[in-house]
Amino acid sequence: MSAHFDLLIRNAQVIDGTGAPRFSADIGVRADRIERVGDLSGASGSTEIDLGGRVASPGFIDVHTHDDRLLLSDRSMAPKVSQGVTTVVAGNCGISLAPLPVPFSQGVTPPLNLLDDAGDWFRFRDFAAYVQALEAAPAATNCALLVGHTTLRLATMARTDRPAEPAEITAMRALVDESLTAGAIGVSTGLFYEPAISAPAEEVIEICRPLSWHRGIYCTHMRCEGDRIADSLEETFRVGRELDVPVVISHHKIIGRANYGRSAETLAIIERAMSRQTVCLDCYPYAAGSTILSADRAATSERVLVTWSRGMPQHAGRELATIASELGVSQEEAIARLLPAGAIYFRMHEDDVKRILAFEPTMIGSDGLPHDDAPHPRLWGTFPRVLGHYARGLGLFSLERAIHKMTALSARNFGLVDRGVIAEGAYADLALFDPDRVDAGSTYEQPLERALGIDTVVVNGTIVWREGRAASNYPGRVLRRMS
Ligand code: ZN
Ligand code: CU
């Protein structure tokens, strides 16, 4: 009797996520799992896709996102599934949508406005309510969730420009415990940003205590990615050691002209730390960053592009220097008129980006900001750019290595079981693409262009993206961490 599958993918070059060389096979999917990988020429499928020798890989895991609200407000997750992403880790940089029981009367305090300060966004009294909302109306992708230290500070502290007091620490620790029980996989911090910058390492350690018994993960946008980056690495390792949990250095980068080239030093420090404790890191494949607009960040950048502005919305997508000269004012005055606003900052060196990307343990995370009017191109282009520009174009690593950095490595580090590999029994999260064409379509000038060469994307056995369009299916799940 010949086998019948729900979905049968024929004539694939399988890159299985482990880093192993590609091989030719067919893939048979039943319900939400990969049932067979091999020669299935005698089998049939309710849906059949003939890849004609193009690539099937595990769906990509975007380990660094700010998709907390997008998962609910635009469930198609088009910026992500269009790239082949099937799982997103949300709640990064200390900023999570939940738990935030207090409504802010005057809009949203930065940096929470990275999740959109339009005023119509979702609020949840506790983390369980957020998880329930995601499970009641699932998105096209899976998600794994972090609870943000900055959010906890805003939810519990009357004044946030100082270290938390003992009662506040107790309250935040209880919220961390509750969030992890409700399904969060860990805690994130954004010590680089106000108001978290006022939190000493001791505050972070004390509120993160529940990570130790929940076996959670600690992800951090470090206090400094410039002159004092070595101190920040040590602070990060210390948190991991005191709690005995894995740490993730988010979007590792080297900021500022005076520091260009120092990735050689930081990667050596990270490698040494890895011999003593679990340290992970991710990065995005661009030499410009993006966050809220500020005068000090602009002053240390070679070029600044405005991504959104409440003060003068018409300038989204334009160069700060041009805006200032048109207005006949200084850059500082132009910024004052644009605020609140977001920006792209060119203040990294391409050699550091390449060295960090090529470092074996580095995972890929987009850090995309889905609510910006003219977003950084990383939102729509991160994963195809790694495959097209850095692997195929520059030969920085093989396609197999590139895929590993965005699949099996990420699943292992984040404790996402049976994800990130093409293997019999694993979940059927798949990206089907043309290895000769795959690349980012988005650029700094055209940030919303779709990725090239992505054919079909499958989440839990269900097609979510096919031939350039969303399939209006929402099979995503909230993933728990298994360690
Ligand atoms: Zn960040
Ligand atoms: Cu981020």
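These entries record what I looked up in a predicted model, namely a metal site and a domain interface.

**Entry 1, copper site.** I began with the donors of the copper ion (ligand 2). I found it coordinated by His64 (NE2), His66 (NE2), Cys93 (SG) and Asp367 (OD), at 2.1 to 2.3 Å. I then checked the angles: the four donor atoms around the copper ion (ligand 2) subtend 84 to 166 degrees, so I entered the arrangement as irregular. A tetrahedral label would have required all angles to lie between 85 and 135 degrees.

**Entry 2, donors in sequence.** I noted the spacing of the donor residues of the copper ion (ligand 2) as H-x1-H-x26-C-x273-D. Cys93 and Asp367 stand 274 residues apart and link distant parts of the chain. I located Cys93 in the loop between strand 7 (85-90) and helix 3 (127-136), and Asp367 in the loop between strand 16 (362-364) and helix 14 (378-393).

**Entry 3, bridge and burial.** I looked up the second metal and found that Cys93 bridges the copper ion (ligand 2) and the zinc ion (ligand 1), the two ions lying 3.0 Å apart. Cys93 has a relative accessible area of 2% and is therefore buried. Asp367, at 5%, is also buried.

**Entry 4, domains.** The domain assignment gives domain 1 as 4-57 + 434-470 and domain 2 as 59-300 + 338-415. I recorded 28 Å between their C-alpha centres. At the interface, 31 residues of domain 1 are in contact with 37 residues of domain 2. The two domains bury about 2500 Å² between them, with 64% of it on carbon and sulfur atoms. I found two salt bridges across this interface.

Key:
Residues numbered from 1 in each chain as written. Chains lettered and ligands numbered in written order. Predicted model: local features only at pLDDT ≥ 70, side-chain atom pairs only at ≥ 80, totals over all residues. Heavy atoms only, no water. Donors = N, O, S within 2.8 Å, 3.2 Å for Na, K, Ca; no water. Tetrahedral: all angles 85-135°; square planar, octahedral: opposite > 155°, others 65-115°. Helix = DSSP H or I, 4+ residues; strand = E, 2+ residues; numbered from the N terminus. Buried < 20%, exposed > 50% of the residue type's maximum accessible area, 1.4 Å probe, protein only. Domains from an automatic or database assignment. Contact = heavy atoms within 4.5 Å. Buried area = accessible area lost by both parts, 1.4 Å probe. Salt bridge = Lys/Arg side-chain N within 4 Å of Asp/Glu carboxyl O.
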